[in-house]
Amino acid sequence: MTDKNHIPLGRKGPRTMDEFVEKGEVGTTTGSAVENEREVTKTFRVPESLGRRLKIHAAQTGQKEKDILIDLIAGYLQNQNA
């Protein structure tokens, strides 16, 4: 078996947890998203009924499902740090 090479993640390679926490969010928040910040992909499963309810709510309110989820996650994390 061959040795695996270390491949750094991101543009500047891995950072320590302290560096990550100190840096905080990049950009300013307007509406539902942080502007000027690189996006990452998160893939997860939700119950079918919840996914359907989210899709209906997004259509009824003229929002994107992604924006609703970003707002919910940001609000949750902000409340956890309050």
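**Briefing: fold, surface patch and salt bridges**

From the N terminus on, the elements of the protein follow the order α-β-β-α-α, which comes to 3 helices and 2 strands. The model described here is predicted, and the values below are computed from it. Buried residues account for 6% of the 82 residues in the protein, while the protein exposes about 8,200 Å², of which carbon and sulfur atoms supply 53%.

**Helix α2 and the residue after it**

- Helix α2 covers residues 48–61, and because each of its 14 residues is reckoned at 1.5 Å, with the span taken as 1.5 Å times one less than the number of residues, the helix should span 20 Å, which agrees with the 20 Å that separates its end C-alpha atoms.
- The residue that follows α2 is G62, and the phi of G62 is positive, near 70 degrees.

**Nonpolar surface patch**

- A nonpolar patch on the surface is formed by F44, V46, L50, L69, L72, I73, Y76 and L77, which together have about 780 Å² of accessible area.
- The element that gives the most to this nonpolar patch is helix α3 (residues 65–80), with 5 residues; Y76, one of the patch residues, is found in helix α3.

**Salt bridges**

- The structure holds 2 salt bridges, and these are taken in turn below.
- In one of them, E39 pairs with K66, the closest N and O atoms being 2.8 Å apart. Because E39 lies in the loop between β2 (33–34) and α2 whereas K66 lies in helix α3, this pair ties together parts that are 27 residues apart in sequence.
- Of these two partners, E39 counts as exposed because its relative accessibility is 55%, where exposed means over 50%; K66, with a relative accessible area of 42%, is partly exposed.
- The salt bridge between R52 and E48 has its closest N and O atoms 3.5 Å apart, and both residues lie in helix α2, 4 residues apart, about one turn of the helix.
- Within this pair, R52 is partly exposed, with a relative accessible area of 46%, whereas E48 has a relative accessibility of 64% and therefore counts as exposed.

**Points to look for in the structure**

- For the contact between E39 and K66, the view should take in the loop between β2 and α2 together with helix α3, where these residues lie.
- For the contact between R52 and E48, helix α2 holds both residues.

Definitions and conventions:
Residues are numbered from 1 along each chain as its sequence is written. This is a predicted model: local features need pLDDT of at least 70, side-chain atom pairs count only at pLDDT 80 or more; totals for chains, interfaces and linings use all residues. Side-chain values use heavy atoms; hydrogens and water are left out. Patches are made of residues with over 30% relative accessible area and no salt bridge: like charges are joined within 9 Å, nonpolar side chains (Val, Leu, Ile, Met, Phe, Trp, Tyr) within 5 Å. Accessible areas come from the Shrake-Rupley method with a 1.4 Å probe; for residues, only the protein chains shown count as cover. A salt bridge is a side-chain nitrogen of Lys or Arg within 4 Å of a carboxyl oxygen of Asp or Glu. Buried means under 20% relative accessible area, exposed over 50%, partly exposed in between (1.4 Å probe, protein chains only).
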